[in-house]
Amino acid sequence: MAGAGCKETHSTCPYCGTGCGVLLRPDGMGGLTVRGDPDHPANRGRLCSKGLALGETVVPEGRLLAPRVNGQDTDWDSALDLVAAKFRQAVEKHGPDSVGFYLSGQMLTEDYYVANKLMKGFLGSANIDTNSRLCMASTVAGHKRAFGSDTVPGTYDDLEEADLIVLVGSNLAWCHPVLHQRILAAREARGTKLVVIDPRRTASCDQADMHLNLRAGSDVALFNRLLVALHEGGALDAGYLRNVNGLDEALDAAIADDASVTGLSEAEIAGFCNLWMRTEKVVTIFSQGVNQSTSGTDKVNAILNCHLAAGRIGKPGSGPFSVTGQPNAMGGREVGGLANMLACHMDLENENHRAAVQEFWGAPAMPDRAGLKAVDLFRAAGDGRLKALWIIHTNPAVTMPEADAVSAAIKACDFTVVSDITAATDTARLADVLLPAAAWAEKDGTVTNSDRTISRQRAVLPPPGQARADWDILADAGRRIGWGAAFGYQTPAEIFREHAALSGLAGSFGLDFDISGLAAISGEDYDDLLPQRWPVNRSRQGGRFFADGQFFHPDGKARMLPVRCCPPAAAQSRRYPFRLNSGRIRDQWHTMTRTALAPRLSGHLAEPFADIHPQDARALGVKPADLLRLSSPHGQAILRARITADVQPGDLFVPIHWTGETAPAARIDRLVAAAVDPVSGQPESKATVVAAERWQPAWYGFAVSRLPMTPLADYWAMARTKAGYRAELAGLASLAEPEAAARDLFALPEAEVQMMTDRCKGIARLALIQDGKVMAALFTAPEPVAVSRDYLAGLPGTGAAGVLTGRPAADQPDPGPVVCACFSVGANTILHAIEYGGLMSVADIGAALQAGTNCGSCRPDIADLLARRPIRQAAEQDGSE
Ligand code: SF4
């Protein structure tokens, strides 16, 4: 295995699509040290807080160690024979479309390749989709409509060569922090202008020259206005437009559109259009705020239209740029791991492409039409059309829209297999067969990041128990179903070579994805493969696309699309007057199966929340730290209210990360309707109509514990801390016996209980002491509990006296909630340094406390503390009662 001993191994971060290189060094005790790879072109040594904490997530705790059938541990032969038999029988009895795979952008390209080959070439169905459908399917569709191929034209270098960067629906500062830092560094060096287009004020706005706070869903109208301005201002590139069809139709549609729906003033719109028009080198970065929409594909094309019309594409510092959410969303697109793709950017519906792939694979059966996309795949599982479903490295019971219905569908499906690293997910709990998969640091293969750079991910730790690589599990299943020759892979290098050779066929059809220059790579060279951007073939190596005006439609030209602004699918109503936006927070990743293992990553925002505008909070009688109940036609959720003008009146924002394992009442996709973009099939996750009200429990609680807790409350949210765990609690029935509640919560029968109660006020404070150490503490009150949470979180396992006061003694520091997760620096520490150390700038604070000197994503918060503005932190619950 590469990297054993003291040597550092080059690998890749498994979180966002930035694709940062990491250097991994096993510590000899099962753990890892992690640092940024200074030689990787994506990050040049930088890492964000999540990447930096990767070493803390490599823990044995919670790992699935053996295959499980109906809840019982078993061996691989028994489990995979059953999987093979069930899939074979389903196909024989009910036809190929009775089976399906649901995959993940977490999978490596080699894993993805084998899954796609097994489903499309051998099981004979295109029912293979991925959580990338929820992430960037609209970009894929927009690219294909405009360019004739799913091609990202530019490279990360463009971010440093641009004079204007426009972020559309992208909180880059939190979701792709390393790219954001690259932009800020370029801005420092060359004065790059930064414009943010977002209905929400995010951390990305803090250093922007302009924030266009448009109404949710109105992006098309804004870019249509820009197209008209380019036309009227003489900024169209007539020479370039000779290679582009559809200008007149796109312009007609743009002229007919109404920019007032954006809610922006004429001056704001004109300011943006003028800046864009007079800046030759402009990069428009777009992400989930564009993609996750019932008109996501049109939004993508509205952006591409402007770049095509102005000829600002494929040139240094110029072009539209989709940043992908997941580490290998691009790899999944390359292998064709979506229900409407074939392989290597070839088309399922193209007879020549299909025949070529079928011959290459020696495949017995090939579907000739698209399979079921994510939403339809789970509907088919629920209504009995799907008889066997295999879910790999993803948690659709939490992340799919109408999540409760998806859970029910998985449960209802005749046979469900889940491959994962843990059994402790909402989805894994529903599986008939659970297969233990190798985790990030145990896997060998490749990933492709947002700028088409292919990097190696390298195994540095042995998989625990019986865990195996995904490609190996899938190939074994393929052999057991009966296709030994086609799935006889022994190494990921063999799969990579086959994939690269197949891409040569794509190249021969004149398509963009061609890495056939790597088709003969030796095992050794594969091990040593350096990051490289595709294409890689005899005539091209990496670089930008489209500066030459050559596109992939049959006529070689690009297409501008006539698009009009469409409001989000569901309109607000008296019953559902709010529009719910959802997204990521800075320090967590997806459903937190890994990031929640790192205590410092939970220090920033330890509890799910709903941002609500002060005006709406007043109207609902909601005070800081109250709980909000949100309801939609599909479900309910309870979250902590954060009252902030970052959201517009009538809008709410909630994070996506919490699950049945961490905060069951806050699973937000229970509320989200499964309304999809008609072209891309991507669900709308940014504009769910909901009702909101203050949720009034009989009691609120805050607990800390050395050991995991068993909360039985109506509302709870648990997070890991360095000393153990912390939890927010609330219950509808009054808490008559706080001591009994504490005994149930902590399961510490031997512990001595210290208690302080005020029955008149309904307040109780309990500490459980064992061997002279605080093992746990519980604070309850009829109002949100006001204690020093970060101080208390550090107490379990210590002999601290006075725990029942709920706050530190005057001579003890209280760091406050974590601001800088990289160096664990709290808000109170920074405020103290500002107050008493005379620190005047973010740089001063960095020099004194290190805060903000690594990934930099907390710098906006530090600036807010300097300006005495409220920071984007947990709700205010640390005040006095
Ligand atoms: S920006 Fe952060 S999460 Fe994304 S790849 Fe880099 S280190 Fe990982």
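A cavity, on a 1 Å grid over the protein atoms alone, is a set of points where a 1.4 Å probe fits but cannot get out. A molecule sits in a cavity if more than half of its atoms lie within 2 Å of its grid points. You are looking at a predicted model, in which local features need pLDDT of at least 70, side-chain atom pairs count only at pLDDT 80 or more, and totals for chains, interfaces and linings use all residues. Residues are numbered from 1 along each chain as its sequence is written, and side-chain values use heavy atoms, with hydrogens and water left out.

**Stop 1: the ligand**

Start by selecting the ligand, which sits in the second largest cavity. Now add the residues around the ligand: Cys13, Tyr15, Cys16, Thr18, Gly19, Cys20, Leu47, Cys48, Lys50, Gly51, Pro177 and Val178 (a residue is near a molecule if one of its heavy atoms lies within 4 Å of it). Helix H1 (49-52) and helix H8 (177-190) are the elements that give two or more residues to this shell. Helices (H or I, at least four residues) and strands (E, at least two) are DSSP runs, numbered from the N terminus. Try colouring the shell by class: eight residues are nonpolar, three are polar and one is charged. Here Ala, Val, Leu, Ile, Met, Phe, Trp, Tyr, Cys and Pro count as nonpolar, Asp, Glu, Lys and Arg as charged, and the others, Gly among them, as polar.

**Stop 2: an open sheet**

Next, show the open sheet of three strands, ordered S1-S2-S3 with antiparallel pairing (two strands pair if DSSP finds at least two bridges between them). Strand S1 (9-12) and strand S3 (32-36) are at the edges with a single partner strand each, so one side of each has no neighbour in the sheet. On average, neighbouring strands of this sheet are turned by 35° against each other, direction ignored (axes are lines fitted to C-alpha atoms, and angles run from 0 to 180 degrees between N-to-C directions). S1 and strand S2 (residues 21-26) run antiparallel and are joined by four bridges. Click on Ser11 to find Val22 of S2 opposite.

**Stop 3: a barrel**

Moving on, select the six strands that close into a barrel, in the order S21-S25-S22-S24-S23-S26, with mixed pairing. Neighbouring strands of this barrel sheet are turned by 45° on average, direction ignored. Strand S22 (residues 609-612) and strand S24 (residues 635-643) run parallel, with four bridges joining them. Ile612 stands opposite Ile643 in S24.

**Stop 4: Gly523**

Finally, pick Gly523, found in helix H22 (residues 523-527). Is Gly523 partly exposed, buried or exposed? Gly523 is partly exposed, with a relative accessible area of 33%; buried means under 20%, exposed over 50%, and partly exposed in between (1.4 Å probe, protein chains only). Thr491 lies 32 residues from Gly523 in sequence and 8.7 Å away in space, C-alpha to C-alpha.

Note on methods. 1 Å grid on protein atoms, 1.4 Å probe; cavity = no way out; pocket = protein on both sides within 12 Å on 5 of 7 lines; lining within 4 Å.
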